Every structure is written in structure tokens, then in C-alpha cells.
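Take a look at the fold before reading on. Trace the backbone once, then come back to the text.

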Amino acid sequence: MKSIKVLLPLILLYSCAQIVIPDGGQKDVTPPVLIKSIPQQNAVSIYPKTIDLYFNENIEVKNQTENISITPKFSSIPKIKIKKNKIELELEKDSLKPNTTYC
């Protein structure tokens with residue numbers, strides 16, 4: 001009887017939890033969607049120091065210079081900061097040209 005009392009808890013503990021690697025789910029193939037920008041899209045005659053872009057999901061950019069494209073090119077490369085679902089472009093003074101639309 002004593003051996004059953006000792007053996008039964010050991011069997012229960014051994015079979016209770018199995019450590020497995022989670023499968024991670026399906027691959028995310030949909031790109032993030034821009035939900036807000038500061039200054040607003042299609043704003044004219046403004047020369048901001050920063051441009052903030054907010055997306056519907058967290059952003060992960062491995063190589064910023066290759067994966068973030070701005071046209072036409074700035075006169076100087078902006079500093080890019082990525083914080084969760086926000087991309088912040090820090091512009092140098094006079095890097096935006098007048099009468100020019102940027103994408």
C-alpha cells in the first residue's frame with residue numbers, strides 16, 4: 001500500500017506537463033496598414049521637423065535603408081526611429097523641397 005501511495009503521485013507528476021515548442025501559427029503575409037500620419041496625408045505648404053507614421057500592428061524593419069523608401073529623395077537622409085507601431089522620421093532643416101509631393 002505504501003508503494004502505491006508513493007508511486008501514484010510520481011506517475012501523475014511525470015505525465016502531467018509535456019514541454020513542446022509552440023508552432024507559432026500561420027505566417028503573417030499581410031503588410032501593416034497606415035492608420036494615421038502626423039502631419040496628415042495630402043497636407044500642403046508645411047515643413048515639419050518630424051513625420052510620424054502609425055500602423056495597425058507593430059513594425060519590424062531589419063534593414064531600414066533598403067526597406068523604407070521615400071520619393072523623391074531627401075537632400076539629407078532622415079533619422080528613422082521605430083517604436084512598436086510607429087515610424088518616426090526626423091528631418092534636418094531644409095530637407096523638404098518647396099512645391100514637391102513626397103510618398
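What follows moves from the sheet to the core and then to the loops.

This is a predicted model. Begin with the sheet. Four strands make it up, and the sheet is open. Their order is 1-2-4-3, with antiparallel pairing. Which strands stand at the edges? They are strand 1, residues 34–38, and strand 3, residues 79–83. Each has a single partner strand, so one side of each is left without a neighbour in the sheet. From one strand to the next, the twist averages 15°. Strands of a sheet pair through backbone hydrogen bonds, either parallel or antiparallel.

Now cross the sheet strand by strand. Strand 1 and strand 2 run antiparallel and are joined by four bridges. Here Lys36 stands opposite Tyr54 of strand 2. These two residues also meet through their side chains. The charged end of Lys36 sits over the Tyr54 ring, 5.1 Å from the ring centre. What of contacts between aromatic rings themselves? The number of aromatic pairs in the structure is zero.

The next step is from strand 2 to strand 4. These strands are antiparallel too, with five bridges between them. Thr50 has Glu90 of strand 4 as its bridge partner. The last step leads from strand 4, residues 86–90, to strand 3. Five bridges hold this antiparallel pairing. Within it, Lys81 faces Glu88 of strand 4 as its opposite residue.

Turn next to the interior. In soluble globular proteins, nonpolar side chains tend to be buried together. In this model, the largest nonpolar core has 10 residues. Its isoleucines are Ile51, Ile59, Ile68, Ile70 and Ile87. Phe55 and Phe74 belong to the core as well. Leu89, Leu91 and Leu96 complete the set. Which elements give two or more residues to this core? They are strand 2, residues 50–55, and strand 4.

Leu89 deserves a closer look. Leaving aside residues up to four places away in sequence, Leu89 touches Lys49, Thr50 and Ile51. Its contacts also include Ile70, Lys79 and Ile80. Two of the residues just named, Ile51 and Ile70, are members of the core along with Leu89.

The loops hold some backbone features to check. Start between strand 1 and strand 2, where Pro39 lies. A cis peptide bond joins Ile38 to Pro39, with omega about 0°. Asn42 is found in this loop between strand 1 and strand 2 too. Its phi is near 65°, a positive value in a residue other than glycine. Is Asn42 buried or exposed? Asn42 has a relative accessible area of 76%, so it counts as exposed.

Move on to the loop between helix 2, residues 64–67, and strand 3. Pro72 lies there. The peptide bond from Thr71 to Pro72 is cis, and omega is near -10°.

Finish at the loop between strand 3 and strand 4, where Lys84 is found. Lys84 is a residue other than glycine with a positive phi, near 55°. Its relative accessibility is 65%, so Lys84 is classed as exposed.

Technical notes. Residues are numbered from 1 along each chain as its sequence is written. This is a predicted model: local features need pLDDT of at least 70, side-chain atom pairs count only at pLDDT 80 or more; totals for chains, interfaces and linings use all residues. Side-chain values use heavy atoms; hydrogens and water are left out. Two strands pair if DSSP finds at least two bridges between them. Axes are lines fitted to C-alpha atoms, for helices over the stretch in contact, and angles run from 0 to 180 degrees between N-to-C directions. Rings of Phe, Tyr and Trp (its six-membered ring) pair if their centres lie within 6.5 Å; planes under 30 degrees apart count as stacked, over 60 as edge-to-face and the rest as tilted. A charge sits over a ring if NZ of Lys or CZ of Arg is within 6 Å of the ring centre and within 35 degrees of the ring normal. A nonpolar core is a set of buried Ala, Val, Leu, Ile, Met, Phe, Trp, Tyr and Cys residues joined through side-chain atoms within 4.5 Å. Buried means under 20% relative accessible area, exposed over 50%, partly exposed in between (1.4 Å probe, protein chains only). Contact means heavy atoms within 4.5 Å.
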